[in-house]
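I sat down with this one to see what holds it together. Notes follow in the order I looked things up.

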Amino acid sequence: WDLVEPKGYCSFSMDYSTGWFVFTLLSALLQRPYHTQETITDAEHEAYENKLYQLSIGFANQLEMSGMYQWAVYVLQHLPDTKLRNQAIQRVLNRNANLFTEQSA
């Protein structure tokens, strides 16, 4: 997991960008610790999802704080749990609702 932890690639402990990109890319290429649900234990699956949540929430917060709330929503769309994903996206949209009116004016 050190490869995707901010401390593994930079000195800024809150920079989740590279870790999120590496993690999602490796997951898409099936280079994660498992290939199917049948080949992993529940603990391994939970560790994988926990890491995905940590990286996604951290990177989304980083993007939102930089004024890129649209990209924060994109990152949050990668959360596997529908209810948590929708709640997280709704919170970002609520916090940035004033920007919608400014951009459309």
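**Entry 1, the core.** Before counting anything I fixed my terms: a nonpolar core is a set of buried Ala, Val, Leu, Ile, Met, Phe, Trp, Tyr and Cys residues joined through side-chain atoms within 4.5 Å. Buried, for me, is under 20% relative accessible area. I also reminded myself that this is a predicted model.

With that set, I looked up the largest nonpolar core and got 19 residues. Phe59, Val75, Leu76 and Val92 touch the most other members. I then asked where the residues come from: α1, α2, α3 and α4 each supply at least two. The largest share is from α2, which puts in seven residues.

**Entry 2, the overall layout.** I stepped back to the whole chain. The protein has five helices and zero strands, so the pattern along the sequence is simply α-α-α-α-α. There are 105 residues, and 33% of them count as buried. I looked up the accessible surface too: about 6800 Å², with 57% of that belonging to carbon and sulfur atoms. For contacts between residues at least 6 apart in sequence, I found that 46% join residues at least 24 apart.

**Entry 3, helix α2.** Since α2 gives the largest share of the core, I went through this helix next. It runs over residues 42-65. Its 24 residues reach 34 Å from first C-alpha to last, close to the 34 Å expected at 1.5 Å a residue. I pulled the buried residues of α2, and among them are Tyr48, Leu52, Leu55, Phe59 and Leu63. Lys51 and Glu64 are on that list as well. What covers them? The cover for the buried residues of α2 includes α1, α3 (69-76) and α4 (82-95). Past the end of α2 I noted Gly67, which follows the helix and has a positive phi, near 85°.

**Entry 4, Ser56.** I picked Ser56 out of α2 for a closer look. Is Ser56 buried or exposed? Ser56 counts as buried, because its relative accessibility is 0%. Leaving aside neighbours within four places in sequence, I find Ser56 in contact with Trp20, Val75, Leu76 and Leu79. Val75 and Leu76 already turned up in Entry 1 among the residues that touch the most other core members.

**Entry 5, Val92 and the salt bridge.** I checked Val92 with the same neighbours left out, and its contacts are Glu64, Tyr69, Ala72, Val73 and Leu76. Glu64 made me look for charge pairs. Side chains of opposite charge can pair when their charged atoms come close. How many salt bridges are there in the whole structure? My search finds one. Glu64 forms a salt bridge with Arg95, and their closest N and O atoms are 2.8 Å apart. Glu64 lies in helix α2 and Arg95 in helix α4, so the pair ties together parts that are 31 residues apart in sequence. I compared the two partners for burial: Glu64 counts as buried at 9% relative accessibility, whereas Arg95 is partly exposed with 48%.

**Entry 6, the outside.** Last, I looked for nonpolar side chains on the surface. Leu25, Leu26 and Leu29 form a nonpolar patch there, with about 270 Å² of accessible area together. I followed up Leu25, which is found in helix α1 (residues 17-28). Leu25 counts as exposed, because its relative accessibility is 52% and the cut-off is over 50%.

Definitions and conventions. Residues are numbered from 1 along each chain as its sequence is written. This is a predicted model: local features need pLDDT of at least 70, side-chain atom pairs count only at pLDDT 80 or more; totals for chains, interfaces and linings use all residues. Side-chain values use heavy atoms; hydrogens and water are left out. Buried means under 20% relative accessible area, exposed over 50%, partly exposed in between (1.4 Å probe, protein chains only). Contact means heavy atoms within 4.5 Å. Patches are made of residues with over 30% relative accessible area and no salt bridge: like charges are joined within 9 Å, nonpolar side chains (Val, Leu, Ile, Met, Phe, Trp, Tyr) within 5 Å. Accessible areas come from the Shrake-Rupley method with a 1.4 Å probe; for residues, only the protein chains shown count as cover. A salt bridge is a side-chain nitrogen of Lys or Arg within 4 Å of a carboxyl oxygen of Asp or Glu. The expected span of a helix is 1.5 Å times one less than its number of residues.
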